[in-house]
Amino acid sequence: IRAACGRPGDMLLLDATSSEGQSIGGSRVVTREEQSREDDPQYVKRSEPVRMLTLEQIRQQLGWPRIDVLKLDCEGSEFAILEDADLSKLGTIFAESHGAERWRALLASRFAGWHKGHISQNGEFGNWHLVNPDPAVELPARPFDLDAAYPGHWTEGMSTDRRHAYLLFEWLRLIKSPCHVLEVGCGSGTSTAAFLEASKAAGRDYFTHHCDPSPAEPAESMVR
C-alpha cells in the first residue's frame with residue numbers, strides 16, 4: 001500500500017530513501033511546519049502531499065477481520081497510529097518507539113493490561129512487543145521468551161531486525177491460521193526482509209502486507 005498510516009491530515013514526506021539524501025535510516029511523515037524547520041541533509045523534502053490512511057482503513061481495505069501481527073517501524077508515526085487504533089482488532093504489536101517519555105505515557109494510557117515484552121532500548125529509542133490480553137484474540141498468554149527459545153543464538157550483538165524475526169517466527173507457530181501480518185514502515189530495508197523471512201520460514205497460512213509512503217520500491221516479495 002503506497003500510503004502513510006496515521007491520522008488524516010496535510011502531511012509531507014522527509015525522504016531518506018532517495019539517492020539525493022545522505023541517510024541509511026528511515027523516512028519520516030511530518031506536518032508542513034515540521035518539514036520547513038527540518039535542516040538535516042539526510043532528508044529530501046518531498047512537496048507532494050502524502051496519502052494518509054488510518055489503521056482501520058487499511059484493515060478494511062485488505063478485507064481482514066483483524067491484524068494478528070502489526071509491526072511498526074515508522075520513525076515516530078507509531079504514536080498517531082496507536083493513539084487512535086481499535087485495539088480490539090490487534091493481536092501482537094512489534095514496535096520501534098521514538099521518545100521514551102511519550103512512549104511510556106502511551107503504554108500507560110492505552111495498553112494497561114496488555115502483556116509487554118522489551119527487546120532493546122537505547123536512550124530515546126526502544127523495541128517492544130505488546131500482546132493483547134483479550135481471550136477472543138486467541139494468542140499466547142504472555143510475551144514470548146526469546147532467551148529461552150534461542151539460548152544458542154542469543155548474543156548481545158544480535159541485530160534488532162533479527163530479534164524481531166526470531167520473535168515473529170515463534171509467534172506464527174503459536175497463533176492460529178490464517179494469520180494476517182501488517183508492517184508499517186518508512187523505507188524498505190533489512191527490517192522488512194528479516195520480518196518476511198521469518199513469516200515464510202514458519203510455514204504458516206499467512207497474509208502479509210506492507211504500508212509505506214516512500215517512493216522507493218519495497219523489498220522483493222513484499223506482498224503475498
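# A tour from a buried loop residue to two sheets

Start by selecting N132, which sits in the loop linking β9 (125-131) and α5 (146-149). The model is predicted. Is N132 buried or exposed? Its relative accessibility is 7%, so N132 counts as buried, the cut-off being under 20%. Now add L87 to the selection. A polar atom of the N132 side chain lies 3.0 Å from the backbone oxygen of L87.

**Zoom out to the whole chain**

Show the protein chain as a cartoon. You should count seven helices and eleven strands. The chain has 224 residues, and 51% of them count as buried. Switch to a surface view. The accessible surface comes to about 10,600 Å². Carbon and sulfur atoms hold 48% of that area. Next, think about contacts with a separation of 6 or more. Residues 24 or more positions apart account for 66% of these contacts in the protein chain.

**Select β10, residues 179-185**

How many residues of β10 are buried? Seven of the seven are, so the strand is largely enclosed by the rest of the structure. Turn on side chains and look along the strand. C179, V181, E183 and G185 point one way. H180, L182 and V184 point the other way. Both sets are buried.

Add β6, residues 67-73. β6 and β10 pair in the parallel sense, over five bridges. For a place to centre the view, pick D73: it stands opposite G185 of β10.

**Move to the open sheet**

Select β2, β3 and β4. These three strands form an open sheet in the order β3-β2-β4, with antiparallel pairing. Which strands stand at the edges? They are β3 (28-31) and β4 (44-45). Each has a single partner strand, so one side of each is left without a neighbour in the sheet.

Strands of a sheet pair through backbone hydrogen bonds, so display the backbone atoms here.

**Finish on β2, residues 11-15**

Keep β2 selected and trace its two partners. Four bridges join β2 to β3, and the two run antiparallel. On that side, M11 stands opposite T31 of β3. Toward β4, the pairing is again antiparallel, over two bridges. There, V44 in β4 is the bridge partner of D15.

Last, colour β2 by burial. Five of its five residues are buried, and the strand is mostly covered. M11, L13 and D15 point one way from β2. L12 and L14 point the other way, and these too are buried.

Note on methods: Residues are numbered from 1 along each chain as its sequence is written. This is a predicted model: local features need pLDDT of at least 70, side-chain atom pairs count only at pLDDT 80 or more; totals for chains, interfaces and linings use all residues. Side-chain values use heavy atoms; hydrogens and water are left out. Buried means under 20% relative accessible area, exposed over 50%, partly exposed in between (1.4 Å probe, protein chains only). Two strands pair if DSSP finds at least two bridges between them. A polar contact is a pair of N or O atoms within 3.5 Å; within protein, one must be able to donate a hydrogen and the other to accept it, and residues adjacent in sequence count only if both atoms are side-chain atoms. Contact means heavy atoms within 4.5 Å. Accessible areas come from the Shrake-Rupley method with a 1.4 Å probe; for residues, only the protein chains shown count as cover.
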